[in-house]
Amino acid sequence: MSFKDFQFHPTINAGIVACGYTTPTPIQMNGIPPILAGRDILGLAQTGTGKTAAFVLPLLQRLLDGPRKKVRALIVAPTRELAEQIHENIGMMGKETGLRSVVIYGGVGKGLQVKTLRAGVEIVVACPGRLLDLLNDKALSLNTVEVLVLDEADHMFDKGFLPDIRRIIRLLPVKRQSLVFSATMPAEIRHLAEEILRNPATVQIAHNQPVAAISHVLFQVATAQKTSLLKRIIHEQEMTSALVFTRTKHKAKSLAMHLEKAGFSAASLQGNLSQQKRQQALDGFRDGTYKILVATDIAARGIDVLGISHVINYDVPDTAETYTHRTGRTGRAERSGQALTFAGQDDGKMIALIERNLGRKMARETTPVFTAAEAQEHVEAKRENNTRRLPAVKKAGTSGRNQKERSRASSFDFGMRKSGQR
Ligand code: AMP
């Protein structure tokens, strides 16, 4: 099957060529025909499958005919980064169509968003909070919306956005086409989908399965040795770019600073940054200024950066589904990638859940023995870090705990064999 089979307008085909797409991905093959036919869709697809183009391309085709400068399509996304990315994708795919989109999210001034809306757009890509805010200000109306897209619906739920979504939906015309995309289908999303969709076509692509082109590797490592291990891996592996996940905002920031100091090009992406700083970090990672981006899950939701060679779980994620989302950042659209996970002795249960979801065991790598200098460097970095955040009395205690963890480092293995094979 080729994109020609969809018989898109030549201006849209030009956009597909500009994006460098030659063959539709499975979600595009299965999703585009029913969307073009005007049907509602429940798309069960994780990020990295090409789902954005699966809804943007038929959307552009529909909007080519009909009035301009009216809000005819509303795309709702859970994070600013994802909204920004969808907006950019529309810009690329729709460049020749003359159709306009605006992206709306909080954390930045309203002025430019309102001005763009006033100038007239056909597509609004929005996060729920700011959209409601602008609706309240009467900066736009949703009376003329023909198509609603809810992207990453499961994350809307995770982030507590479902009441906002229901409020937004009440403001839409009853007669419309609705597309709901979600990587997972918890009961709350199933109920929401039932409320929103009319006789939907269900398009399911490898539901909840991590992307196949990724190799999954597990290191058993004590907390105190994670940074040394990370630096060793960055030195030794062929790495075009690495996305490193930590559990906390503070850790993302301090680890990125530590890596910078050690001579690596690194930045952090976490919720304590202003929107401008977040965008700078993301743009720098995208254009190669930063080889390493250290991020928290919320900040990294939905980000699409081509050619990420490694996703490194510096901290094991809280759920098996988060593992799928994190590792979906590499191996995107049939590129191969490496997912490396640093697991401590308390992570055995979560690793077992992740492996059940994965359908196989991760390859076990033996954690290298670190030189005294590497270990010392880490202790110093930790001390420096603690000096910044803790009162003096706590410092000695923390470093004592590190010593204990270090000495335990090679003694736990939560029932897994050790091997160097992949
Ligand atoms: P998405 O799942 O929409 O975030 O897309 C993941 C990545 O796949 C993005 O970098 C897209 O540009 C890329 N992509 C989407 N469709 C195709 C296609 N048909 N061929 C190659 N790459 C694609």
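This report describes two open sheets and some of the helices that accompany them in a predicted model.

## Basis of the description

The model is predicted, and local features are reported where pLDDT is at least 70, side-chain atom pairs count only at pLDDT 80 or more, and totals for chains, interfaces and linings use all residues. Residue numbers start from 1 along each chain as its sequence is written.

## The sheet from β3 to β7

Seven strands (DSSP runs of E, at least two residues, numbered from the N terminus) make an open sheet in the order β3-β4-β2-β5-β6-β1-β7, with parallel pairing; two strands count as paired if DSSP finds at least two bridges between them. Because β3 and β7 (201-204) stand at the edges with a single partner strand each, one side of each is left without a neighbour in the sheet. From one strand to the next the twist averages 15°, where axes are lines fitted to C-alpha atoms, for helices over the stretch in contact, and angles run from 0 to 180 degrees between N-to-C directions.

The edge strand β3 (residues 101-104) is joined to β4 (residues 123-126) by 4 bridges, and the two run parallel. The chain passes from β3 through helix α5 (residues 111-119) to β4 in a right-handed β-α-β crossover, meaning that, with the strands pointing away from the viewer, the path from the first strand over the helix to the second runs clockwise. Ser101 stands opposite Ile123 in β4, and Val102 stands opposite Val124. Ser101 and Val103 point one way from β3 while Val102 and Ile104 point the other way, and all are buried (20 or more other C-beta atoms within 10 Å of the residue's own, C-beta atoms being placed from the backbone).

## The sheet from β10 to β14

A further open sheet of 7 strands has the order β10-β11-β9-β12-β13-β8-β14, and its pairing is parallel. Its edge strands, β10 (266-269) and β14 (363-365), each pair on one side only, and the twist averages 25° from one strand to the next. Strands β9 (residues 242-245) and β11 (residues 292-295) run parallel and are joined by 4 bridges, with Val244 standing opposite Val294 in β11.

## Helix α11

Helix α11 (residues 249-261), a DSSP run of H or I with at least four residues, has 13 residues and reaches 19 Å from its first C-alpha to its last, close to the 18 Å expected at 1.5 Å a residue; the expected span is 1.5 Å times one less than the number of residues. Its buried residues include Leu255, Ala256 and Leu259. After α11 comes Gly263, whose phi is positive, near 100°.

Notes:
A residue is buried if 20 or more other C-beta atoms lie within 10 Å of its own, exposed if 12 or fewer, and partly exposed in between; C-beta atoms are placed from the backbone.
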